[in-house]
Every structure is written in structure tokens, then in C-alpha cells.
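This briefing reviews selected features of one protein model, grouped by topic. The sequence and the structure are shown first.

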Amino acid sequence: MIRSNNGYFGEFGGRFVPEILLPALTELEELFFELRDDPAFWQEYLTLTQEFSGRPTPLTPLRRLSEQLGGAQIWLKREDLNHSGAHKINNVLGQGLLVQRMGKKRVIAETGAGQHGLATAIMSAKLGLDATIYMGADDIERQYSNVFWMRQLGANVVGVETGSRTLKEALDEALRDWAASVETTHYVLGTACGPAPFPELVSYFQSVISQEIKQQSMTQIGKLPDEVVACVGGGSNAMGAFSAFLDDSEVKLVGIEAGGLSLEDGQHSVRLLKGTGEPGIAQGYKTLFLQNDDGQLGETHSIAAGLDYVGVSPILAHLSQTGRVTPDSSSDTEVTDAFQLLMKTEGIIPAMESAHALAGGFKRAKTMNKNQHMVINLSGRGDKDIFNIARAFPQRDWTEFLQREAERSTDQINAHLATELAG
Ligand SMILES: *Cc1c(COP(=O)(O)O)cnc(C)c1O
């Protein structure tokens, strides 16, 4: 496991937050530093993930697809088989245990597409915590099914009406709440970003992924894999898939970002490649951010909501600068091709985010030989992406279906708003 130097990884990381939040971050860091070296705590975490989330997740060989590509033997680490359908649950369950240790009863989180909010609502129901989830008002409309489930699970979902009514404003609102409630409330950060100790803490819980890959490779392949490939949004599933291999220099670690439509400004979310992200300080930490010429945060694009982020884990920024992690990207069209190939040859429906890792991995696997092995981290399943995917593969037989669903969900939103206003 990588350890920070006082919250820093090379030049990246740190803790740039209002004074009032410092005691809570210090308390969290002290608790985390104490527990991460305690095998009993790790065992408690593993037991919770086994009993509740189905761990260990399988390592699945892609026999037909590898044969067809004619290169390396490809294996998938099946984080899609977690409860709630992605790796995000690993992190929130771990933070839930820390919240219990701190004696806090309330958690808050911000969410864009709703996946982290849903995972946080699930964890809070399981552990008996009060949850408040901040979400931009436009995101609420776009992701209404997640909002529905969060509320059924007992979470308080707060729509944020200011600014662009999306993730950025939800983040501001969550921080405002935290500043006012920090003594009783824990802020559940959803990825390996933000102020210290979050990047290190989230990577620690997600490292369960690579610890399992390591054991499973020894049993199923008989050696370590030659390459491990993961998609990079904030960087938590990638840090999870890489952490246990950092000292195994023979294992190549590849992080795939969203290449989007092109590498022109505003058309992608590639931060780690040379000439895209620039060092900067925002949202409480220092990392490579997409920025305009005047140093403002830049625009991003991705067909996968989970990869559409302007910053990136400071740990990955550091590891890619030192050369331990190789950054690469997949374009939207490469992603939809890989998506279909996996479904049709292997019967697995990936999340759009994970399909970036597939596209990047398949391209590389073709250049490798049959005795080499590649593990691709399948961070999540594709159920949540049904409309996105239908739009990406337009066909006559479902344009009508899409139209009907779009109208229906608008009706639902209107009905919902009407009840909210009446209540
Ligand atoms: C949220 C999400 C991601 C991106 O987040 P990371 O922190 O980069 O892992 C990737 N895949 C899926 C399925 C997600 O839900």
C-alpha cells in the first residue's frame, strides 16, 4: 500500500480546506492511521464485505474473446457482481465502520449520477446512520430512479437549485452542511480525491480488489498477471486494482481515461496524459486538473457519467508522473465497440465506465502474446446505463421505446415535483 508523506504523494495531495474542517480531517486521519495497521480491523471490514456485498468477487477468464483478439489471455475482475452493482460499495462500507468508531450518527455525501449517493444510502441503512445526500436539481431529474431508491432506503435527498444545478453545486452545498455540522457528521467522500486523508483512505478500502486479484491470479493463472487495466474517473477503482501490485515491477499498471469525442478542450476527461491536465489546487487538494488558459477549471465530456470529472486522484497523478502507472485513453466509439464485443462474446453487460477499461485493454492485449495475461477491472455492471446505451446504438426498433420512456420519466418527475411542492 502506498503511504503519503504528510498527506502528499510527490507534489500532489494536501489539504486545502477552511479552518473549521481541519479538526474533523485530523480526527479521521488519526483514526485511520491507527486502524490501517490493525489486522483485526481489516478482518472486520472483510467480513462485512463478504456477508453483505458478496466478496470475494470472481476473476473470470474471457476465453472466447481472447481467442478472437488473438493476443494476451484476458481476465475480468468482477466488481460488477458487488451488491449495488459496482466497486463504490467497498469504500462506503469501510467509511461506515470508521463512522461507528468515531461515534457519529449522521453522514452526508454529494452525488452526480447518483451511484455514490445510492451506495451511501445503502450503507447508512445497513449500519443505522442518518444520511443526507446532496444532488444537483438537474441531476435529480436525469437520475430519478437512483433518487427514488435513496429515499426508499431512508436517505434525505436534497436537490440543489443554484448555478448549473449539477455536481459542482451539490459539492459546495455538502461542504456548507459539513462546516455547520462537523462535530456530529461524517462526510463520505466517494473517490480517491479530495483533501487528505481521503485519497489514501479510499484507496486503502478499495485495495481489497487487488489483494483478491493477486491471490486469484496465483491460484487460477499460476503467476501474477502481466498487466492490470482499470478505468479512471476519480481513481478509486484503479487504485483498488493497482495498490497490491505497486511493488511488483513486472506487473504493468494501466489507467484508462475517457477520451470522449476528441482530445480538443471540452470534449474529453483526460487529465493524466502529457499536455491535458495541469497542476492546480481546487476542491480541497492539489492534482492535475483540466483548466482553461486563465486557470479556471475546464469543461469535461464523457459518455460515462462516472468518468466525467475535472480532477483526478493525486496518487494517480503522482504514479503516472513517476512512470509506475501508464495513462491511456479510449474514445467514445472505441468504448461502444468494446461494450458490444464483451456482451456478444462473453455474455457480460458492463457499465459504460468499465467499458473504457475494456476498450483500452483489448487494444493492448492484441499486441501481447498468448502466454501473457491481462486483468481488466470490471468496475460495474451496465443496468444503470440502459438509456445511454440505447442512444449510443440507435436502432429503429427502440427509438419509439426511448421516446415513450423519456415522456414517462418527465411525467414522473412532474408528478414527483407536484407532491414535493404540495407537501
Ligand atoms: C463511479 C464509477 C467509476 C469511476 O470512479 P472511480 O473513482 O474512478 O473508480 C467507474 N466505474 C463505475 C462502474 C462507477 O460507478
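**Salt bridges and backbone features of a predicted model**

Glu353 is buried, as its relative accessible area of 11% lies under the 20% cut-off. The model is a predicted one, and Glu353 takes part in a salt bridge with Lys384 in which the closest N and O atoms are 2.8 Å apart. Glu353 belongs to helix α14 (residues 352-365) and Lys384 to the loop between β14 (373-378) and α15 (386-392), so the salt bridge ties together parts that lie 31 residues apart in sequence. Lys384, at 36% relative accessibility, counts as partly exposed.

**Further salt bridges**

- In total, the structure holds 24 salt bridges.
- One of them pairs Arg165 with Asp138, with 2.8 Å between the closest N and O atoms. This pair links distant parts of the chain, 27 residues apart: Arg165 is in the loop between β7 (156-160) and α8 (167-181), and Asp138 is in helix α6 (residues 137-142).
- Arg165 counts as partly exposed because its relative accessibility is 23%, and Asp138 counts as partly exposed because its relative accessibility is 26%.
- Arg381 and Asp383 also meet through their side chains in a salt bridge, at 3.7 Å from N to O. Arg381 has 35% relative accessibility and therefore counts as partly exposed.
- Arg55, Lys77, Glu79 and Glu212 are joined into one network by salt bridges that share partners.

**Backbone geometry**

- Most residues other than glycine have a negative phi, and most peptide bonds are trans.
- The peptide bond from Arg55 to Pro56 is cis, with omega near -5°. Pro56 is placed in the loop between α2 (39-53) and β3 (59-61). Arg55 is also a member of the salt-bridge network with Lys77, Glu79 and Glu212.
- Ala196 and Pro197 are joined by a cis peptide bond as well, with omega about 10°. The position of Pro197 is in the loop between β8 (185-187) and α9.
- Ser84 is not a glycine, yet has a positive phi of about 80°. Ser84 is found in the loop between β4 (73-78) and α4 (88-102).
- Arg165, the salt-bridge partner of Asp138, is not a glycine either and has a positive phi of about 55°.
- Gly323, just after α12, takes a positive phi of about 90°.

**Helices α9 and α10**

- Two packed helices are described by the angle between their axes and the distance between the axes.
- For helix α9 (residues 198-206) and helix α10 (residues 208-220), the axes come within 5 Å and cross at roughly 35°.
- The residues that meet are Tyr204, Phe205 and Gln206 in α9 and Val208, Ile209 and Ser210 in α10. Classed by type, this contact of α9 with α10 has four nonpolar residues, two polar residues and no charged residues.

**Helix α12 and its cover**

- Helix α12 (residues 314-321) is mostly covered, with seven of its eight residues buried.
- Those buried residues are Pro314, Ile315, Leu316, Ala317, His318, Leu319 and Ser320.
- The elements that cover the buried residues of α12 include β1 (8-9), β2 (12-13), α9, α11 (236-242), β12 (285-289) and β13 (325-331).

**Surroundings of Ser329**

- Ser329 is located in strand β13, which is among the elements that cover the buried residues of α12.
- With a relative accessible area of 13%, Ser329 is buried.
- Not counting residues up to four places away in sequence, Ser329 touches Ile256, Glu257, Gly259, Val270, Leu273, Glu334 and Lys363.
- Ser329 and Gln68 are 261 residues apart in sequence, and their C-alpha atoms are 22 Å apart in space.

**Nonpolar surface patch**

- Phe148, Trp149 and Leu153 make a nonpolar surface patch of about 300 Å².
- Trp149 lies in helix α7 (residues 144-152). The relative accessibility of Trp149 is 49%, so Trp149 counts as partly exposed.

Note on methods:
Residues numbered from 1 in each chain as written. Predicted model: local features only at pLDDT ≥ 70, side-chain atom pairs only at ≥ 80, totals over all residues. Heavy atoms only, no water. Patch = residues over 30% accessible without salt bridge, like charges linked within 9 Å, V, L, I, M, F, W, Y side chains within 5 Å. Areas by Shrake-Rupley, 256 points an atom, 1.4 Å probe, with all protein chains shown as cover. Salt bridge = Lys/Arg side-chain N within 4 Å of Asp/Glu carboxyl O. Helix = DSSP H or I, 4+ residues; strand = E, 2+ residues; numbered from the N terminus. Buried < 20%, exposed > 50% of the residue type's maximum accessible area, 1.4 Å probe, protein only. Axes fitted to C-alpha atoms, helices over the stretch in contact; angles between N-to-C directions. Contact = heavy atoms within 4.5 Å. Nonpolar A, V, L, I, M, F, W, Y, C, P; charged D, E, K, R; others polar.
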